[in-house]
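This report describes selected structural features of one protein chain. Please consult the sequence and the structure shown below while reading.

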Amino acid sequence: MDGYSGRTIGQAYDWKLVIIYLLLVFTGWVNIYASVHGADVNSIFDFSANSGRQFIWMLTAFGLGGIIIFLISPNLWDSGAGLLYTVVLFLLVAVIFLGVEVKGSRSWFAFGPVRFQPAEISKITTSLLIAFVMSRPGFKITKPGNFLSVALVIALPMLIILAESETGSALVYVGFIFVLYREGLSGWLITMIGIAILVFILTMTSSPYTAIMVLLGIILLCNAMNHKNAWKWILGIGVGIAFFAFLPAIWEYLRNTLVPGAEIVASGEAEPEIVAAAENSGWSFLMKVKPLYILLGAAGAAIPVVLWFATKYRDRFAQISVLSFIVGIAMVFSVDFIFYNVLQDHQRKRIEVLLGMKEDPSGVGYNVNQSMIAIGSGGLTGKGYLNGTQTTYGFVPEQSTDFIFCTVGEEWGFLGCATVIALYVMLIWQIMKDAEHSRETFTRIYGYCLASCLFMHLFINIGMTIGIMPVIGIPLPFMSYGGSSLWAFTIMLAIFISLDHQEKKYF
């Protein structure tokens with residue numbers, strides 16, 4: 001124990017992380033076998049099936065983890081972060097031109113029967129470079145230059161992965177915002193992302209008018225809470241919002257009352273003489289002017305007043321509010337363009353099914369529908385291992401990969417699902433706990449990057465299986481079938497265990 005202040009080398013490792021990792025890996029393996037077993041697959045070690053191949057991936061992953069923890073110097077990850085990031089960035093670009101296309105996505109290199117996905121490895125190198133950049137002396141995330149440098153590190157691989165049509169992998173990068181928040185970024189940015197998602201959904205499912213009303217209401221409420229007499233502001237804002245909320249109904253009533261044949265003209269089925277009468281009416285402007293124009297006009301007229309007030313009284317919050325409103329308006333009117341020109345057809349259909357805009361239980365909604373049936377049929381304790389009917393008869397496509405959680409739900413029930421989720425929560429919590437106790441900033445930030453990636457995968461994957469997230473093809477860490485994912489998360493966790501060990505062994 002010389003030089004270790006009472007700790008043995010073995011005690012310096014966080015074995016809780018290793019144990020939870022092994023429990024998740026072996027749980028995934030037995031459930032992969034449950035999802036493929038049948039007349040053609042009678043053994044979990046059948047190497048022609050996913051369960052047998054996963055066993056090989058597990059052994060190689062254990063080997064990689066052991067090499068990283070016991071043989072590679074932890075100092076390599078700090079000093080080599082930039083080089084590793086650059087190499088993987090090159091692979092992300094190269095795979096677009098040299099990779100094979102799998103399910104509409106060109107993001108895989110194929111070497112005979114073995115396929116490799118650089119997007120999985122990019123999470124590791126991005127996390128390392130984020131930790132390297134943010135651990136520099138004097139770094140503060142609140143400085144615009146520092147924030148932009150980190151944002152660039154995150155955005156480059158994310159945009160390239162989007163170009164590969166790997167929306168799910170790209171979405172994981174959004175989780176890095178939690179790391180930035182831990183390191184001092186204002187919580188308002190996370191709030192704004194949430195509002196942006198809400199505006200997108202409202203524009204899709206309701207109308208641009210409703211989305212703008214909600215956006216305006218949130219911004220005004222936040223401003224009201226920022227003043228001393230908040231209740232007076234809230235009362236005044238409430239009256240204004242109520243008026244504009246009822247404006248479409250009032251406008252429609254006036255139009256139908258004052259303009260002859262307005263209702264028929266609006267339906268597009270009016271005779272020419274009725275249309276002419278409506279156009280010649282003294283109230284014909286009611287047909288042409290929309291409530292949305294009035295709302296935008298009133299808001300536009302108020303912006304100069306708000307900016308004058310904000311400049312005179314140095315109210316930076318009001319200035320940011322105006323900028324947020326303008327950006328929000330631009331987003332509302334760009335939703336259609338993004339939805340129909342940026343997203344692919346299968347992605348649009350999945351979002352439409354998720355938001356209830358379309359019912360498609362036998363098409364793009366089939367996976368989710370069958371997954372929810374499988375999980376729901378498991379009840380409290382499940383149907384028993386290898387006894388799941390949805391699982392055994394292959395009703396759920398991709399059940400050993402993206403939908404492995406529904407196998408747990410059907411055969412192990414609610415208790416099995418709760419246990420698996422509890423293991424993930426314990427793993428993420430322990431990583432965050434170790435990260436907080438780190439003396440080195442690099443280790444702390446890298447630990448939070450790891451925790452954020454695990455959380456995003458967990459939330460999105462389980463959300464897919466229970467129908468609260470669109471199906472975007474993202475694996476459940478350590479449990480889903482696949483070498484790239486298992487290797488990537490094993491390497492990522494092993495690096496953190498190595499960094500954590502480097503600190504603990506000396507105190």
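Which residues are linked in a network of salt bridges? The network comprises Arg 182, Glu 183, Glu 436 and Arg 444. The model under discussion is a predicted one.

## Salt-bridge network

Within the network, the side chains of Glu 436 and Arg 182 form a salt bridge with an N to O distance of 2.6 Å. The two residues come from distant parts of the chain: Glu 436 belongs to helix 21 (residues 404-436) and Arg 182 to helix 9 (residues 176-182), with their positions 254 residues apart. Glu 436 counts as partly exposed because its relative accessibility is 36%. Arg 182, at 29% relative accessibility, is likewise classed as partly exposed.

A salt bridge also joins Arg 444 to Glu 183, with the closest N and O atoms 2.8 Å apart. This pair, too, links distant parts of the chain, 261 residues apart: Arg 444 is in helix 22 (residues 441-465), whereas Glu 183 is in the loop between helix 9 and helix 10 (187-205). Both Arg 444 and Glu 183 are buried.

## A further salt bridge

The structure holds six salt bridges. One of them is formed by Glu 410 and Lys 383, whose closest N and O atoms are 3.0 Å apart. Glu 410 is located in helix 21 and Lys 383 in the loop between helix 19 (366-377) and helix 20 (389-392), so the salt bridge ties together parts that are 27 residues apart in sequence.

Are the two partners buried or partly exposed? Glu 410 has a relative accessibility of 0% and therefore counts as buried. Lys 383, in contrast, counts as partly exposed because its relative accessibility is 29%.

## Aromatic pairs

The model contains 17 aromatic pairs. In one of these, Phe 26 and Phe 62 are tilted, with a distance of 6.1 Å centre to centre and 35° between the planes. Phe 26 is in helix 2 (residues 15-36) and Phe 62 in helix 3 (residues 50-70), so this pair ties together parts that are 36 residues apart in sequence. Phe 26, with a relative accessible area of 36%, is partly exposed, and Phe 62 is partly exposed with a relative accessible area of 26%.

The pair of Trp 57 and Trp 487 is edge-to-face, because the ring planes lie at 85°; the ring centres are 5.6 Å apart. Trp 57 in helix 3 and Trp 487 in helix 23 (residues 483-504) are 430 residues apart, and the pair thus links distant parts of the chain. Trp 57 is buried, its relative accessible area being 17%, whereas Trp 487 is partly exposed at 30%.

One aromatic cluster is formed by Tyr 21, Phe 26, Trp 29, Phe 45, Phe 55, Phe 62, Phe 478 and Phe 489. Both partners of the tilted pair, Phe 26 and Phe 62, are among its members.

## The antiparallel sheet

Three strands form an open sheet in the order 1-2-3, with antiparallel pairing. Strand 1 (100-102) and strand 3 (114-116) are the edge strands, each of which pairs on one side only. From one strand to the next, the twist averages 50°.

Strand 2 (residues 105-111) pairs with strand 3 over three bridges in the antiparallel sense. Ala 110 has Arg 115 in strand 3 as its bridge partner. Helix 5 (residues 81-98) lies across strand 1, strand 2 and strand 3, and runs at about 90° to strand 2.

Key. Residues numbered from 1 in each chain as written. Predicted model: local features only at pLDDT ≥ 70, side-chain atom pairs only at ≥ 80, totals over all residues. Heavy atoms only, no water. Pairing = 2+ DSSP bridges. Helix = DSSP H or I, 4+ residues; strand = E, 2+ residues; numbered from the N terminus. Axes fitted to C-alpha atoms, helices over the stretch in contact; angles between N-to-C directions. Contact = heavy atoms within 4.5 Å. Salt bridge = Lys/Arg side-chain N within 4 Å of Asp/Glu carboxyl O. Buried < 20%, exposed > 50% of the residue type's maximum accessible area, 1.4 Å probe, protein only. Phe/Tyr/Trp six-rings, centres within 6.5 Å; stacked < 30°, edge-to-face > 60°.
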